[in-house]
Amino acid sequence: MATDLGNLELTFCGHAAFSIKTPGGKRVLIDPFLSRNPACPEHLKDPKGVDAIFITHAHGDHLGDVIRIAAENDAPCVAIVETADWLEKKGVKNAVGFNKGGSTNVAGVKATMTHAVHSNGISDGDRIIYGGEAAGYVLQFENGVKIYHAGDTAVFSDMKIIGDLYEPDVALLPIGDYYTMGPHEGANAIRLLGVKTVVPMHYGTFPVLTGTPARLRELTKDVEGLQIVDMKPGEVLTGALRKLAAV
Ligand code: NI
Ligand code: MN
């Protein structure tokens, strides 16, 4: 069946940052690297009315503006326990720390934390602090739609289990290469996940992130029913994969 997001609105803020308006009318952010993100449109840099923030790991290009946005919006911050603990020490009032394989409900969204093959040291002044492991999320919304944000990751064979267990409708996959998988690995990830709608992310923001959606498309053209939705920063995806102008 073709993917239909219903009235959910998925906004790409550039890099690995997404903003989602849920079917329940909440606003949730994933990896809000905004003010210093060269790919983030100006009007998305200062989000208001944020009900929850999900963080895949604590590298600067994902943690971004989380402390400021959490304070300004009094929003819960969801992360793996060690990173959540660090956020709390930095003044985040409502840090929700859980761990891989588990689920929690925040802002009407059922979030399951998944594995990611990546590092997660937190740069704090002149030290690197242990932040626990890097992760991804499967977010299930009130209308049943499931979105998998893979975080930063290499491809790993347990993506097959993520596909089997959660059957995500949409996968947000890093394809830039260098710090994460590139198109060659991403094409394999798509096969393991069995997902039919893919939004590439974490490419092009910086010169080293050389992977492209065009290359990913070329390497997956034999995958039946696959739609690679190449979102430009600021674009919004809703309904039966309709693109809206930036709102
Ligand atoms: Ni990273
Ligand atoms: Mn990254």
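Trainee: What makes the arrangement of the four donor atoms around the nickel ion (ligand 1) irregular?
Mentor: This is a predicted model, so read the geometry as computed. Four donors count as tetrahedral if all angles lie between 85 and 135 degrees. Around the nickel ion (ligand 1) the irregular arrangement comes from donor angles of 89 to 179°.

Trainee: Which protein donors does the nickel ion (ligand 1) have, and at what distance?
Mentor: Three histidines and one aspartate supply the atoms. In sequence the donor residues are spaced H-x1-H-x58-H-x33-D. They are His 57 (NE2), His 59 (ND1), His 118 (NE2) and Asp 152 (OD), lying 2.2 to 2.3 Å from the ion.

Trainee: How many residues apart in sequence are the parts that His 57 and His 118 tie together?
Mentor: His 57 lies in the loop between strand 4 (52-54) and helix 1 (60-63). His 118 lies in the loop between strand 8 (109-115) and strand 9 (121-124). The pair therefore ties together parts whose separation in sequence is 61 residues.

Trainee: Is His 57 buried or exposed?
Mentor: Buried means under 20% relative accessible area. His 57 has 1% relative accessibility, so it counts as buried.

Trainee: And His 118: buried, partly exposed or exposed?
Mentor: The partly exposed class runs between 20% and 50%. His 118 has 23% relative accessibility, so it counts as partly exposed.

Trainee: Which residue coordinates both the nickel ion (ligand 1) and the manganese ion (ligand 2)?
Mentor: The two ions are 3.3 Å apart. One of the nickel donors is an OD atom. The residue coordinating both ions is Asp 152.

How values were computed:
Residues numbered from 1 in each chain as written. Chains lettered and ligands numbered in written order. Predicted model: local features only at pLDDT ≥ 70, side-chain atom pairs only at ≥ 80, totals over all residues. Heavy atoms only, no water. Donors = N, O, S within 2.8 Å, 3.2 Å for Na, K, Ca; no water. Tetrahedral: all angles 85-135°; square planar, octahedral: opposite > 155°, others 65-115°. Helix = DSSP H or I, 4+ residues; strand = E, 2+ residues; numbered from the N terminus. Buried < 20%, exposed > 50% of the residue type's maximum accessible area, 1.4 Å probe, protein only.
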